[in-house]
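Grab the viewer and work through these short exercises on aromatic side chains. Each task comes with a solution to check yourself against.

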Amino acid sequence: MRRKDREVTDAAALRAIVQACDCCRLGLVDEDGVACIVPLNFGYTEEDGQPVLYFHSAREGHKLTLLRKNPVVGFEMDTGHGLLPGDRAEDYSFAYRSVMGRGTVDFLQEPAAKRAGLNCIMAHYTGRSDWTVSDAMLGATAVFRLRVTDWTAKEHKAP
């Protein structure tokens with residue numbers, strides 16, 4: 001990381017940034033080597049000390065085709081945006097907090113695992129993780145997990 005003064009190394013601070021984010025963008029690569037960026041709702045947890053992100057989608061589509069061909073992905077999320085004004089144009093800056101990383105996706109098949117993943121997503125947005133998910137919804141929904149292999153975080157705030 002070039003700007004070490006903005007790097008977030010404290011694990012609790014990094015998790016706080018993730019919790020404040022409302023969108024996670026997955027970076028996928030198609031068969032022609034072209035990048036495809038997909039914004040998704042997500043849930044965050046840790047399993048055996050490893051960061052894990054959960055996602056859901058329809059059962060078919062371009063992103064799932066790409067994920068099945070190459071489950072290694074990059075991701076990015078950000079929050080805390082705000083203009084930091086200055087007296088001169090070059091003094092202006094922008095506040096943000098962001099997390100970037102990569103990992104490997106696997107698709108959940110077992111109903112209990114899919115329910116747990118969906119409840120993790122719901123907990124991220126509602127604070128509740130005790131939702132009832134119908135069998136019909138489980139059958140119509142793909143749920144996949146991203147096991148994070150590495151990540152970094154940055155923060156730039158007002159002085």
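Buried means under 20% relative accessible area, exposed means over 50%, and partly exposed is whatever falls in between. Keep in mind that this is a predicted model.

**Exercise 1.** Classify Phe107 and Phe144 as buried, partly exposed or exposed.

*Solution.* Start with Phe107: its relative accessible area is 22%, so it is partly exposed. Now Phe144: at 0%, it is buried.

**Exercise 2.** Work out how the rings of Phe42 and Tyr125 are arranged, and where the two residues sit.

*Solution.* By the 6.5 Å centre-to-centre rule, the model has four aromatic pairs. For this one, the centres are 6.4 Å apart and the planes meet at 80°, so call it edge-to-face. Next, place the partners: Phe42 is in the loop between β3 (35–40) and β4 (43–47), while Tyr125 belongs to helix α3 (residues 111–126), so the pair links parts of the chain 83 residues apart. Last, check the cover: Phe42 is buried at 0%, whereas Tyr125 is partly exposed at 35%.

**Exercise 3.** Describe the pair formed by Phe107 and Phe144, then look for what else surrounds Phe107.

*Solution.* The pair is tilted, with 5.5 Å from centre to centre and 50° between the planes. Phe107 lies in strand β7 and Phe144 in strand β8 (residues 141–156), so the contact ties together parts 37 residues apart in sequence. Add Phe55, and ring pairs join the three, Phe55, Phe107 and Phe144, into a cluster. Finally, the charged end of Arg68 sits over the Phe107 ring, 5.0 Å from its centre.

Notes: Residues are numbered from 1 along each chain as its sequence is written. This is a predicted model: local features need pLDDT of at least 70, side-chain atom pairs count only at pLDDT 80 or more; totals for chains, interfaces and linings use all residues. Side-chain values use heavy atoms; hydrogens and water are left out. Rings of Phe, Tyr and Trp (its six-membered ring) pair if their centres lie within 6.5 Å; planes under 30 degrees apart count as stacked, over 60 as edge-to-face and the rest as tilted. Helices (H or I, at least four residues) and strands (E, at least two) are DSSP runs, numbered from the N terminus. Buried means under 20% relative accessible area, exposed over 50%, partly exposed in between (1.4 Å probe, protein chains only). A charge sits over a ring if NZ of Lys or CZ of Arg is within 6 Å of the ring centre and within 35 degrees of the ring normal.
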